[in-house]
Every structure is written in C-alpha cells, then in structure tokens.
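Grab the structure and work through these exercises with me. Each one sets a task and then solves it step by step.

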Protein chains: 2
Amino acid sequence: MTRANEAWESLMKAYAALTKQFNAEDVWGELTMREYDVLYQLSKCDSPLRMSELNRHVLLSQPALSRMVDRLVERGYLDRRPDPGDRRGVRLSLTPAGRETQRAIGLPHARSVTRALSVLTPEELDQLAAITGKLSQSEE
Amino acid sequence: MTRANEAWESLMKAYAALTKQFNAEDVWGELTMREYDVLYQLSKCDSPLRMSELNRHVLLSQPALSRMVDRLVERGYLDRRPDPGDRRGVRLSLTPAGRETQRAIGLPHARSVTRALSVLTPEELDQLAAITGKLSQSEE
DNA sequence: TAATGACTTATGCGTTTGCATCTATCCTAA
DNA sequence: TTAGGATAGATGCAAACGCATAAGTCATTA
C-alpha cells in the first residue's frame, strides 16, 4: 500500500463519515443534500451558469443533473433560459426563492461544518484546503 | 466563509474531481465503483463482516446496501450466512471469485490513484492522510 | 454553402436508491 | 418468564440514477 493509496482511502473515509453526519442533521428542509449542492454552486456565481459548467462541480451524470434542474425549475428554485449566445445551451440562475432557500439551509449547515472540523487546528485546516486544492486543480 | 468551510468545500471538490476521473477509467469490468468498494472493504478483513459494520464504511443507506449485497451474492462474489452468535445478523465474506475480482480491479485502480495523487509530495500525502484520519476518527 | 464532426442538453428505459415499515432476534428489568 | 424497547436486516414502493442515444446547434473545411 503506497502513501498515495493510504491518503486516498483516508480521504474517502473522511468524506463518507462527514457526508453521512451532515445528511443526518435536520437542516435540509424540502431539499436533499444533492439538491442543496446545486443551489449552493449557483449561489456562488452572479452570472448565470451553463449546465455543462455546473455539471463539472456536481457529482452527478449529465442526464441526472438535467432532470434535477428540471425539478428545481418546476419547484421554483431555479431559472432556466436559453443562452442567447449559444442556442444549444441554457443559462441557469437562482430565483429569489432559490436564493432565499439556499441561505436558509446554508447557514445552519455551515455551522455544522465548522463544528465537525473543529477537531483540526487552523494550520491543519489551511493545509487541508491547500492540499485538496492542489488535487482538484491538477484535474483540469 | 470560515477556514473550516473553505477546507470542507475544497475537500468535496477534490473528492468529486477524483471520483469522476477514476469512474471514467476503464478498469471496473463487471462492477460499478460502488460495488467494487464493497468488495474492497471486505477484502481488508479476514474475518467475516457484519452488514451494519460494512454499512459504516460505505456511502449507502442500509436498505440499498442490503440489496447490493443480495446482488453480489447472487452473482457469486459474496458469501452471506447467518451469524451463529446473533441470529438477527449475517456474516459477509468474499468468495474466491470475489477476492479474485477485487484483486483484478484493485491493481490497476491503485495505479490510477497513485498517478492522480502524484502531484503531491510525500510530505503532503502524509499530512493529508493524517488530517483526514483525524476527521473520521472524531466521528466515532 | 453544404457536409461532416463536435458539442450541449434532453429523453427512453431498465436498474438502483432512499424512506418508511416490517419481521425476527436480542437485551433488560420487573 | 415475560413484557417493552432496542437492534439487525429485509421488503414495498415511489423517486432518482446512469447508460445509450436522440435532437438541435455550432464550427470547420471543402
């Protein structure tokens, strides 16, 4: 077992443990965690996002994301309109209700995250962010 | 945005990017990545594992795991038998075919992992393993 | 400008998932 | 010993998923 494999296994284990814990918390309201993730990704952009771009940040297949967006539009959280510059594509953004819902869930969830990671020192948090940042960057 | 939240987001992003990359590689044969994970977890234990114990290591709901085990038993990868000490429970282990399949997939996959994490120095790999280890430990 | 191939999103379809619940067994204490 | 609650795993069912592919648009080149 190489160092790299141990590190990856440990990362997966931490991801699974934390994800399960966050999922079990009673903060998600009318959304699933995956749906919240879509709203969160959109909340970070002020200009509308392309489906394909959003798909890069979400752990879902393209068809699954397409249908999840369907449902979120239907339910009034998302605005989907044709991209004027490229008629193949769409531009996605949060509706006011979507933004509101994202905030309402994001606040308590952010507190859970802070609490769960409070076993790490500030230095360790910085190291973790730096190292994982390096990993996702190398994929592009 | 606190340090903790930045670290968690960066961890999620790295997990998503790497998972997608590994999933796209042509090493999984007749298994999905999730199924492989079950076989891998079992390959690490020499004594049979309880379903509930296995469930702690896998990112699946209890019913979903129960049925996935069903299918893996059906397909000849897993052996499921009643636990003699607790008649509510079952004891899961790999069949020879299951062990063989796990190895056949595990080898090339481990190489992919090594390659993907080769952007990190040995020190960074150790730090990553230590920090994420601390995170999953604090959940127990 | 017409043809070819790449790209973006949507849809058909069979499989898998999660939630709620059920059954069976275990454990504790009256 | 037996009633009540906890725990382990399985099952019914609707919702969501991934794979393969379709439909529409763009970009290149002949």
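**Exercise 1.** Work out the handedness of the crossing of helix 1 of chain B and helix 5 of chain B.

*Solution.* Step one: the crossing is right-handed (the near helix is turned clockwise from the far one by less than a right angle; anticlockwise would be left-handed). Helices here are DSSP runs of H or I with at least four residues, strands are E runs of at least two, and both are numbered from the N terminus. This is a predicted model, where local features need pLDDT of at least 70, side-chain atom pairs count only at pLDDT 80 or more, and totals for chains, interfaces and linings use all residues. Residues are numbered from 1 along each chain as its sequence is written, chains are lettered from A and ligands numbered from 1 in the order in which they are written, and side-chain values use heavy atoms, with hydrogens and water left out.

Step two: the axes of helix 1 (residues 3-24) and helix 5 (residues 96-116) of chain B come within 11 Å and cross at roughly 140°. Axes are lines fitted to C-alpha atoms, for helices over the stretch in contact, with angles from 0 to 180 degrees between N-to-C directions. So helix 1 of chain B is oblique to helix 5 of chain B (under 35 degrees is roughly parallel, over 145 roughly antiparallel, 65 to 115 roughly perpendicular, the rest oblique).

Step three: helix 1 of chain B brings B:Leu18, B:Gln21 and B:Phe22 to the contact, and helix 5 of chain B brings B:His109, B:Ser112, B:Val113 and B:Ala116 (heavy atoms within 4.5 Å).

**Exercise 2.** Find which element gives the largest share of the surface near DNA strand C.

*Solution.* Start with the neighbours: 22 residues surround DNA strand C, and A:Ser52, A:Ser66, A:Arg67, B:Ser61 and B:Arg71 are the closest (near means a heavy atom within 4 Å). Next, pick out polar contacts (N or O pairs within 3.5 Å): a polar side-chain atom of A:Arg67 sits 2.5 Å from a base oxygen of the strand, while one of A:Arg50 is 3.0 Å from a phosphate oxygen. Finally, helix 4 of chain B wins, with five residues.

**Exercise 3.** Which element gives the most to the surface near DNA strand D?

*Solution.* First, check two phosphate oxygen contacts: polar side-chain atoms of A:Ser61 at 2.6 Å and A:Arg71 at 2.9 Å. Then add B:Arg88, with a polar side-chain atom 3.0 Å from a base oxygen. The top contributor is helix 4 of chain A, with five residues.

Technical notes: Polar contact = N/O pair within 3.5 Å; in protein donor to acceptor, adjacent residues only side chain to side chain.
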